[in-house]
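Please take the structure below as a whole before turning to its details. The paragraphs that follow begin with the domains and end with single residues in the loops.

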Amino acid sequence: MKAVLLTGPGQPFQMATVPDPTPGPGEAVARVLACGSGLTIHHARAGRLKLSHYPRIIGHEIAAEIVAVGAGVTDVKMGDGVTAYFYFNCGHCHWCRINRETLCENFGGYVGRESDGGYAEYIKLPSRSFVKFPEGIDWRKNPAEAGVITDALATPLKVIRRARVTPHDTVVVFGAGGGLGIHMLKVARWARAKKIIAVDTSAAKFETAVKCGADITIDASAGRVAEQLLEATGGKGVDVAIDFVSNASTLEPALASLGKGGRLVTLGGSGKPFNADPAKLLRDEIEIIGSRYATRQEVMDTLELVARGEFSALVTDKAPLEQAEALHQRLEKELIIGRAALVI
Ligand SMILES: [Zn+2]
């Protein structure tokens, strides 16, 4: 099969022909129709994230069709339309059993890092890593839009639940122009947030941010973000700040912009500490919340909501396998608004 190989950290992709995967016991093989190209996997291409094994086929936001199943597989069958659950979790530890498998005690890594992923004509995974598309998602006709749901929309759905967004809440999204940020705006709109504010350093992305649900846009490159957010809320402060950038230069203004009962949700980030004023945390009963990917149920819930037309994915850049490197160059330069995907 044709595949896009990552041969080392920061190395350009190489097109290659590799043996077709065959399923062992408990495994299934799917023909890939499309695979999303988000920042999470771009960090591996750019070398900011080192993989345990090279060469590696990256990618996890797939739309695919099951074409072979190994011995003992009963949960998927030939012809099923599937996407992938991004995490390899054990399924039997405390956290897996209470439906919080992103905290799995025996975490086995990620599709497209610890196993080969979707930047290829076929993908082999344990059958339980595949999640079937519900009726109502036309994965054959729109594979790119179907494939990215598992992360680009499921991650925001979880954030809405973690932050308990209600119709009374003003929500601000930091990094609103990125692939996850744009989808966060859409899901916050769907959740009937009272007012949605998009913060980004790239004003070119604001038109799309408004189309996807933002009521107000704030250009962070001009500074004074917390002040602008307080002005935008009449001095009251925002209820929920969602930070996809998550370094001190975003987390600190996000926290400062929160009003009484405010919730700050952090996703990703530099890993460096930031300053928080405990007096404000106490006085205003502020919550700081981490949110990792989504549970299987949240992926399935998101698929169901897309199938019913509640919201949809925005894939703005599509390219064939052969153009993976050029697509990732555009990702590196932050030129992509919404999500990019390879269509195979
Ligand atoms: Zn577990």
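In this predicted model, ten residues of domain 1 are in contact with twelve residues of domain 2. Sorted by class, the side of domain 1 that touches domain 2 consists of five nonpolar, two polar and three charged residues. The domain assignment of the protein gives domain 1 as 2–151 + 294–343 and domain 2 as 164–290, and the C-alpha centres of domain 1 and domain 2 lie 28 Å apart.

A helix worth following next is α4, which runs over residues 149–162 and has 14 residues. From the first C-alpha of α4 to its last the distance is 18 Å, close to the 20 Å expected at 1.5 Å a residue. Is this helix enclosed or open to the outside? Twelve of the 14 residues of α4 are buried, so the helix is largely enclosed by the rest of the structure; the cut-off behind this reasoning is that a residue counts as buried if 20 or more other C-beta atoms lie within 10 Å of its own. The buried residues are Ile149, Thr150, Asp151, Ala152, Leu153, Ala154, Thr155, Pro156, Leu157, Lys158, Val159 and Ile160, a list in which Asp151 and Lys158 appear alongside residues such as Leu153 and Val159. Just after α4, Arg164 takes a positive phi of about 55°.

The next element to trace is a sheet. Six strands form an open sheet in the order β10-β9-β8-β11-β12-β13, and the pairing is parallel. At the edges stand β10 (216–219) and β13 (287–290), each with a single partner strand, so one side of each is left without a neighbour in the sheet. From one strand to the next the twist averages 20°. Strands of a sheet pair through backbone hydrogen bonds, either parallel or antiparallel. One pair within this sheet can be followed in detail: strand β11, residues 238–243, and strand β12, residues 258–266, pair in the parallel sense over five bridges, and Ile242 stands opposite Val265 in β12.

The loops hold several residues that deserve a separate look. In the loop between α1 (39–46) and β4 (62–69) lies Ser52, which counts as exposed because it has 8 C-beta neighbours inside 10 Å, the cut-off for an exposed residue being 12 or fewer. Ser52 and Ser115 are 63 residues apart in sequence, yet their C-alpha atoms are 10.0 Å apart in space. Pro55 also lies in the loop between α1 and β4, and the peptide bond that leads from Tyr54 to Pro55 is cis, with omega near -5°.

Two further loop residues can be read together, beginning with the backbone angle of each. Asn99, placed in the loop between α2 (94–97) and β6 (122–126), has a positive phi of about 65° although it is not a glycine. With 10 C-beta neighbours inside 10 Å, Asn99 counts as exposed. Glu285 is found in the loop between α9 (278–283) and β13, and its phi is near 50°, a positive value in a residue other than glycine. Glu285 has 11 C-beta neighbours inside 10 Å and therefore counts as exposed. The strand that follows this loop, β13, is one of the two that stand at the edges of the sheet.

Methods:
Residues are numbered from 1 along each chain as its sequence is written. This is a predicted model: local features need pLDDT of at least 70, side-chain atom pairs count only at pLDDT 80 or more; totals for chains, interfaces and linings use all residues. Helices (H or I, at least four residues) and strands (E, at least two) are DSSP runs, numbered from the N terminus. The expected span of a helix is 1.5 Å times one less than its number of residues. Domain bounds come from an automatic or database domain assignment. Two residues are in contact if their C-beta atoms, placed from the backbone, lie within 7 Å. Ala, Val, Leu, Ile, Met, Phe, Trp, Tyr, Cys and Pro count as nonpolar, Asp, Glu, Lys and Arg as charged, and the others, Gly among them, as polar. Two strands pair if DSSP finds at least two bridges between them. Axes are lines fitted to C-alpha atoms, for helices over the stretch in contact, and angles run from 0 to 180 degrees between N-to-C directions.
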